[in-house]
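Please open the structure in your viewer and keep the selection tool at hand. The tour below goes from one stop to the next, and at each stop it says what to select and what is there.

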Number of protein chains: 2
Amino acid sequence: MKLICSKANLLKGVNIVSKAVPTRTTMNILECILIDASTDEIKFTANDMELGIETKIEGEIVEHGIIALDAKIFSEIVRKLPDNEVTIETDNSFQTLITCEKAKFNIIGKSGEDFSYLPYVERMDSIIMSQFTLKEVIRQTIFSIADNDNNKLMTGELFEISENQLKVVSLDGHRISIRNINLKDYYKYKKVVVPGKTLNEISKILPGSADKEVVIYITDNHIIFEFDQTTVVSRLIEGEYFRIEQMLSSDYETKVRINKKELLDCIDRATLLIKEGEKKPIIMNVADGHMELKINSFIGSMNEDIDIDKEGKDILIGFNPKFFIDALRVIDEEEVTLYMVNPKAPCFIKDDEESYIYLILPVNFNAAVNG
Amino acid sequence: MKLICSKANLLKGVNIVSKAVPTRTTMNILECILIDASTDEIKFTANDMELGIETKIEGEIVEHGIIALDAKIFSEIVRKLPDNEVTIETDNSFQTLITCEKAKFNIIGKSGEDFSYLPYVERMDSIIMSQFTLKEVIRQTIFSIADNDNNKLMTGELFEISENQLKVVSLDGHRISIRNINLKDYYKYKKVVVPGKTLNEISKILPGSADKEVVIYITDNHIIFEFDQTTVVSRLIEGEYFRIEQMLSSDYETKVRINKKELLDCIDRATLLIKEGEKKPIIMNVADGHMELKINSFIGSMNEDIDIDKEGKDILIGFNPKFFIDALRVIDEEEVTLYMVNPKAPCFIKDDEESYIYLILPVNFNAAVNG
């Protein structure tokens, strides 16, 4: 094989597919990037068996061929090369010569035949949205997936498509994040659970342009995202997702309108009194016209008053401050509305159209005060 | 005690003195910042018994007093406060109330009386240089102090003042860095070894302006740096510094003029083939008009040609690439000159005026080729 590509194109390709290279594996070949120039295209592929990424890069094929190169070493070499044309040349014993200006690197590759190609997945019924929309919806929900594998379904996000609506849901047992998005077209009903890792990696490599599209294909076991020159194939998480409808009530006893930045900054300040691993709630004391926020820890105490618009009853309620911070950070509005029932029922942060709903369970308040 | 200061002033003061707060200590009081408003100035002090920093901050003293506050908690609180006036108020039981806008923090402080103030040091014979010069000379030499305590003198830098010259030297047994600086005035001869940690911290807090000065006082056991509103007092390292003159020969067999960036980039590229902890030399093969650089490791090999101007003999010599990278990074010239004698004698990188001299010992070359 012999290729000539610009350093910039190589680097772009390497950066994209590297996201699917496993950090630890017993199969050495999976730690490689496959360079496939056996046809008239140069394709880079990486695959950790759950998630596979393939991207086409521009360049000249002088001699067709395939080689698998250690992803870490190859990407470091590419990164440090001068900003110029790069030649990659391999021989029958997989010796690989990478040349750029006067620099010559010699490394040993592996046969491409041992590499696990992306699974073949039939592409039917495409769903289309802008890159921006997909990237945003991931950012706005990914923080509330569970960070351990105790319940596999909680490590993924529900993607539910009905008519021209996409609903994305994540939950970890203490909170639920929901985003509802209007699509341009109408689609057949589909409901799948996409691994959180897949969504995290996609949001890193997705340029996120509002003018460009992502085409999504869903089958029984896989989801495919196609954008620009890149294809991402991921396994789906099997099983029936949680029935969240029963948890979403629209009754409330207290409704609070509050400036988002003030609330976020205040909770953020309060958390500095909490040492890592310590569980101390932030207490909200909601009254007419203002809300007092308090936190008590071994380090000290903090309290602050924030002006609010209140409808309904006064309430004294405690929360894990991190859950509020996570949700408030991804809401773009200047003002948010909180809906509460009682100190043991979930609090909802949502807009009137329910384009977003963040449900946060309160923490036991008596224990908190005495803690 | 009751003070009113802007958040910005508090933060500036906290950031400066925090550099002298020890990370681990058995004396809790040393982990504090002392706020001293017992006179008409507000002074922040921190002191780890080797290095002490004091800085004055602007603000209003409503009630005189002294308090010691945990440095980590106090600096985090200050950092997260709104950008406005901050009130710090203490009572007789060291309860400290920090108020800014509607936010109120309550933390418990310590009596200032337990705090170790900076040692009293007599200020005689000041030495003056620009902040820029001091900051630069530290950056250009600090990398070659020893990183372990086996030889205490190697963990510091020699500051030698004679007439209107300051010579700064650091060495770690494999290399020597020397910078010679012209001062504006003439001074009495002085020779001290300043702890590397002190110099590192000073270079972090020194604004580095070319128009502003640092005033330095040296006594038998201490060195004092005064700049802007800040005073840094450090112990000196005791003992006789190494006699480096005998290692500095001006004889050479090979003289090489080379573009600094090309050489640096090339060595930098070569090092990516070396895994952490692996010792592989970079081999320089100096011939007429060009120099070949080679590296061989378990990962692969790399070689590159660089154009040079050569005087004298050809030479084949090997070096620890990191030592070359460290020295080349702090030389500002476009071209550098290397002086070499034989593959077992040190290589010198220096300019004609000897404003800088970097001496680097070569590594055993035969072992390297077979390694």
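Begin by selecting residues 1-118 of chain A, where UniProt, in an unreviewed entry, places the feature "domain: DNA polymerase III beta sliding clamp N-terminal". Keep in mind throughout that this is a predicted model. Within residues 1-118 of chain A, 18% of the chain is helix and 44% is strand, and the C-alpha atoms at the two ends of the stretch lie 21 Å apart.

Now widen the selection to the whole of chain A, whose secondary structure comes to seven helices and 23 strands. If you turn the chain along its principal axes, the C-alpha trace spans about 75 × 50 × 35 Å. Of the 371 residues in chain A, 55% are buried. Among the contacts of chain A with a separation of 6 or more, 66% are between residues 24 or more positions apart.

Next, show chains A and B together. Which rotation superposes chain A on chain B? A rotation of 180 degrees does so, with 0.0 Å of shift along its axis and an RMSD of 0.0 Å, and that is the relation of a two-fold axis. To find your way in chain A, select Glu276(A), whose C-alpha is the nearest to the axis in that chain, at 16 Å from it. The same surface serves both copies, since 100% of the contact residues of chain A recur in chain B.

Move on to chain B and select helix H1 (residues 7-17) together with helix H2 (residues 71-80), which pack at an angle of about 145 degrees with their axes 9 Å apart. H1(B) passes H2(B) in a left-handed crossing. Show the side chains here, and you will find Lys7(B), Leu10(B), Leu11(B), Val14(B) and Asn15(B) of H1(B) meeting Phe74(B), Ser75(B), Val78(B) and Arg79(B) of H2(B). How do the residues of this contact divide into nonpolar, polar and charged? Five of them are nonpolar, two are polar and two are charged.

For the last stop, stay in chain B and select Thr90(B), which lies in strand E7 (residues 85-90). Is Thr90(B) buried or exposed? Its relative accessible area is 14%, and because buried means under 20%, Thr90(B) counts as buried. Leaving aside its neighbours within four places in sequence, you can add the residues with which Thr90(B) is in contact, namely Met1(B), Ile67(B), Gln95(B) and Thr96(B).

Note on methods
Residues numbered from 1 in each chain as written. Chains lettered and ligands numbered in written order. Predicted model: local features only at pLDDT ≥ 70, side-chain atom pairs only at ≥ 80, totals over all residues. Heavy atoms only, no water. Least-squares fit on C-alpha atoms with pLDDT ≥ 70 in both. Contact = heavy atoms within 4.5 Å. UniProt positions renumbered as here; feature names shortened; annotations may be inferred. Helix = DSSP H or I, 4+ residues; strand = E, 2+ residues; numbered from the N terminus. Axes fitted to C-alpha atoms, helices over the stretch in contact; angles between N-to-C directions. Left-handed = near helix turned anticlockwise from the far one by under 90°. Nonpolar A, V, L, I, M, F, W, Y, C, P; charged D, E, K, R; others polar. Buried < 20%, exposed > 50% of the residue type's maximum accessible area, 1.4 Å probe, protein only.
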